[in-house]
Amino acid sequence: MDFNIKNKKISFVNSSILYIVPTPIGNLNDITYRAIGILKKVDYIIVENIHRASLLLKNFSINNVPLITLNAYNEHKKTNALLSILKKGQSIALISNAGTPVINDPGFYLIKCCKELNIRIIPLPGACAAITALTASGMNCNSFCYEGFLPKTHKKRINYLNMLEKEKRTLIFYESTHRILPSLKDMMMILGKDRNIVFARELTKIWETIYSTSIEELVFLIEENKICYKGEITLIVEGYNKSIPISSEALETFNLLKIKLSKKNTISLVSKIYNINRNLLYRYILKNNL
Ligand code: SAM
């Protein structure tokens, strides 16, 4: 497939090039024209899983391009053979099961080797769960940390979260159904129960859910089975914000006491009850017009 851009014919595929091609994270319409064009014309497509890739490619009538598997177990072993194909002048597209390759998906070692050997890499823009969830989060999107999956064990997770506790940028995590609860409980302990979080599940699919709440409430909703947490999950967590050191309980108490007491006395009492710096509380109340 070729494109005419301002009367210049642009061919989709060149030789000795590794194309990085994102595929949909759910909704098949999210593939791009350019991605289909390249996948149809390359000499080989690197896939994570032959079965899943064949199903996906069939949808776009891509049936005749040979597939090569690359995954966490064989990446180092297979890379030399892939580099030889590229050096011979053939082109390869790298795809993963879903979304943007290399983002918590295989391909990093191959790309690193291509760079070292000056083999051209052409990355295509496309679907990525992290960015899709971030854009709908209502949190700072100009400065963020992509963290992928948290460590699997409680101890390692706690150490990792401790490192992120004071991170001011928006945090993005991938999570699985069976680890969401322990991960959220650790987040609650280290990042704080009141920290804002966006639970983005099954993005672009029929049961897409994007829910904004606090970490504590999300734990409650999941424990009480009030929210479905099956399927693919991305979590967006608000960065550390020093100007919000006040818990929701303290604010509730403040609101109740201020009905009967002066603002000054209320601040004084709440700061004593909840052990909050009086000036900090005062500035917070002023800033938020409470
Ligand atoms: N490379 C992929 C990307 O660009 O998003 C991510 C691959 S990673 C192995 C898979 C994880 O991404 C899932 O466990 C989930 O946390 C997240 N994810 C993938 N698809 C998603 C979706 N449709 N909705 C929410 N999260 C998704």
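# A tour of two sheets and a ligand site

Select I45 and A93 to begin: I45 stands opposite A93, a residue of strand β6. The model on display is a predicted one. With these two residues shown, extend the selection to the strands that hold the pairing, β4 (residues 44-47) and β6 (residues 92-94), which run parallel and are joined by 3 bridges.

**The parallel sheet**

Next, select strand β5 (residues 67-69), which pairs with β4 in the parallel sense over 3 bridges. In this pairing, I46 stands opposite I68 of β5. Now display the whole sheet: it is open, has 5 strands with parallel pairing, and follows the order β5-β4-β6-β3-β7. Which strands stand at the edges? They are β5 and β7 (120-123); each has a single partner strand, so one side of each is left without a neighbour in the sheet. Viewed along the sheet, the twist averages 25 degrees from one strand to the next.

Two helices may then be added to this view. Select helix α2 (residues 50-59), which lies across β4 and β5 and runs at about 145 degrees to β5. Then select helix α4 (residues 108-116): this helix lies across β3 (17-20), β4, β6 and β7, and its angle to β3 is about 140 degrees.

**The mixed sheet**

Move on to the sheet that contains β9. This open sheet of 5 strands has mixed pairing and the order β8-β9-β12-β10-β11. Its edge strands, β8 (144-149) and β11 (209-214), each pair on one side only. Direction ignored, neighbouring strands here are turned by 20 degrees against each other on average.

Within this sheet, select β9 (residues 170-175) together with β12 (residues 233-237); the two run antiparallel and are joined by 5 bridges. Label Y174 on this pair: its bridge partner in β12 is T234. Helix α7 (residues 180-191) comes next; it packs on the sheet and touches β9, β10 (196-201) and β12, with a direction that makes about 5 degrees with that of β12. Helix α8 (residues 215-223) also packs on the sheet, where it touches β10, β11 and β12, and its direction makes about 120 degrees with that of β11.

**The ligand site**

Keep Y174 and T234 labelled and show the ligand. How many residues surround the ligand? There are 19, and the closest are I103, D105, Y174, I233 and T234. Y174 and T234 therefore appear twice on this tour, as bridge partners across strands that DSSP pairs by at least two bridges and among the closest residues to the ligand.

Select the backbone of three residues to inspect polar atoms beside the ligand. At I25, a polar backbone atom is 3.2 Å from a nitrogen atom of the ligand. At E175, a polar backbone atom lies 3.3 Å from an oxygen atom of the ligand. At L203, the distance from a polar backbone atom to a nitrogen atom of the ligand is 2.9 Å.

Switch to a surface view for the final stop. On its own, the ligand has 570 Å² of accessible area, and the protein covers 90% of this. The elements giving two or more residues to the shell around the ligand are β9 and β12. Coloured by residue class, the shell divides into 10 nonpolar, 4 polar and 5 charged residues.

Conventions
Residues numbered from 1 in each chain as written. Predicted model: local features only at pLDDT ≥ 70, side-chain atom pairs only at ≥ 80, totals over all residues. Heavy atoms only, no water. Helix = DSSP H or I, 4+ residues; strand = E, 2+ residues; numbered from the N terminus. Axes fitted to C-alpha atoms, helices over the stretch in contact; angles between N-to-C directions. Contact = heavy atoms within 4.5 Å. Near = heavy atom within 4 Å. Polar contact = N/O pair within 3.5 Å; in protein donor to acceptor, adjacent residues only side chain to side chain. Areas by Shrake-Rupley, 256 points an atom, 1.4 Å probe, with all protein chains shown as cover. Nonpolar A, V, L, I, M, F, W, Y, C, P; charged D, E, K, R; others polar.
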